[in-house]
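Trainee: I would like to learn how to read a structure that is new to me, one feature at a time. Could we go through it together?

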Amino acid sequence: MRNFAFIPLMCLAASSSLAQEFPGRVESLITPDVIEEIKGWSSQPIVKLAVEAQNQRHGVLTQDEIDELDKTWREEAQADDKPLISATIASPLSNYLLKRQAASVGLYKEIFIMDVNGLNVGQSSITTDYWQGDEEKFQKTFAIGPTEIFIDKPEFDDGLKIWTSQVSMTLADKDSGDAFGAITVEINLTELSRRRTPAF
């Protein structure tokens, strides 16, 4: 990944009012050091243990089984009783991801981790769906190979008035190199730019 000049925060703020096109290149902000930091904390044992436990519990599911789980998740999001959502969001892995998000002090907007089926294992906040396997965050990482990294196009959050981009990568065993899941981290590009803009 090439390293480009940083984008000043003032440029992000100026363009954000138009909410049209990101003012620069995402690669100028999401540099290799950002990727390495994510790799560092996502390689902790709690991640692998939690994902492999769900892989063993579910096995390789059929599409009908996946669709049924995803449907259950979506229905629970609108219901008072949320057994699947509650079990996921209350898991040790979700708690770990929530702490990682909090420790980033605004840099990480959302974090979630998927199993071999593309189903959520842990997340820092409740996602709209349970299955990510039909999206590029999974199809361009785990579905391709154990070393894949995918940086999605930047999007403007009109509510928060910030630019964000999702960084996704395959999770693989450090020794065997075998892929066991995937992770997505939504980066607050506006905050990242602010941190990298020299103080005058």
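Trainee: Leaving out residues up to four places away in sequence, which residues does Val-34 touch?

Mentor: Please keep in mind from the start that this is a predicted model. Once the residues up to four places away in sequence are set aside, Val-34 touches Leu-29, Ile-187, Leu-192 and Arg-196. Val-34 itself belongs to helix H2, and its C-alpha lies 9.7 Å from that of Leu-192, although the two residues are 158 apart in sequence.

Trainee: Is Val-34 buried or exposed?

Mentor: Val-34 counts as buried because its relative accessibility is 7%, and the cut-off for buried is under 20%. For the protein as a whole, 44% of the 200 residues count as buried.

Trainee: How should I read the overall order of helices and strands, and how many of each are there?

Mentor: The protein has eight helices and six strands, and along the sequence they follow the pattern α-α-α-α-α-α-β-β-α-β-β-β-β-α. To see how the chain comes together, one can also look at contacts between residues at least 6 apart in sequence, of which 61% join residues at least 24 apart.

Trainee: Which helices could I take as an example of a crossing, and at what angle do their axes cross?

Mentor: Take H3 and H6, whose axes come within 9 Å and cross at roughly 145°, with H3 passing H6 in a left-handed crossing. On the H3 side the contact is made by Ile-46, Val-47 and Ala-50, and on the H6 side by Pro-92, Leu-93 and Tyr-96. By class, these contact residues divide into six nonpolar, no polar and no charged.

Trainee: Staying with helix H6, which residues are in contact with Gln-101, leaving aside its neighbours within four places in sequence?

Mentor: With those neighbours left aside, Gln-101 is in contact with Tyr-108, Lys-109, Glu-110, Ile-111 and Ser-124. For Ser-124, which is 23 residues away along the chain, the C-alpha separation from Gln-101 is 7.0 Å. Gln-101, found in helix H6, is buried, since its relative accessible area is 18%.

Trainee: And how would I describe Glu-75, whose relative accessible area is 46%?

Mentor: Glu-75 is called partly exposed because a relative accessible area of 46% falls between the limits of 20% for buried and 50% for exposed. Glu-75 lies in helix H4, which covers residues 63-77, and the C-alpha atoms of Glu-75 and Asp-129 are 9.8 Å apart in space, with their positions 54 residues apart in sequence.

Trainee: Now to the pockets: how much space lies in the largest pocket, and which residues lie nearest its centre?

Mentor: The largest pocket holds about 350 Å³ of space. Its lining is made of 19 residues, of which Ser-43, Thr-170, Leu-171, Ala-172 and Lys-174 lie nearest the centre. Helix H2, helix H3 and S5 are the elements that give two or more residues to this lining, and the largest share, four residues, comes from S5. Sorted by class, the lining of the largest pocket has eight nonpolar, five polar and six charged residues.

Trainee: What does the lining of the second largest pocket look like by class?

Mentor: The lining of the second largest pocket has nine nonpolar, five polar and one charged residues. About 190 Å³ of space lies in this pocket, and among its 15 lining residues Gln-54, Arg-57, Ala-87, Ser-91 and Val-121 are nearest the centre. At least two lining residues come from each of H3, helix H5, H6 and strand S2, and H3 gives the most, with five residues.

Trainee: One last feature is the backbone angle phi; which sign do most residues other than glycine have?

Mentor: Most residues other than glycine have a negative phi, so a positive value is something to look for. Here Val-105 has a positive phi, near 50°, and sits in the loop between helix H6 and strand S1. Val-105 is also exposed, because its relative accessible area is 61%, and the cut-off for exposed is over 50%. Lys-161, likewise not a glycine, has a positive phi of about 60°, and Lys-161 is in the loop between strand S4 and strand S5.

Technical notes. Residues numbered from 1 in each chain as written. Predicted model: local features only at pLDDT ≥ 70, side-chain atom pairs only at ≥ 80, totals over all residues. Heavy atoms only, no water. Buried < 20%, exposed > 50% of the residue type's maximum accessible area, 1.4 Å probe, protein only. 1 Å grid on protein atoms, 1.4 Å probe; cavity = no way out; pocket = protein on both sides within 12 Å on 5 of 7 lines; lining within 4 Å. Points joined across faces, edges and corners; volume = space filled by probe spheres on them. Nonpolar A, V, L, I, M, F, W, Y, C, P; charged D, E, K, R; others polar. Axes fitted to C-alpha atoms, helices over the stretch in contact; angles between N-to-C directions. Left-handed = near helix turned anticlockwise from the far one by under 90°. Contact = heavy atoms within 4.5 Å.
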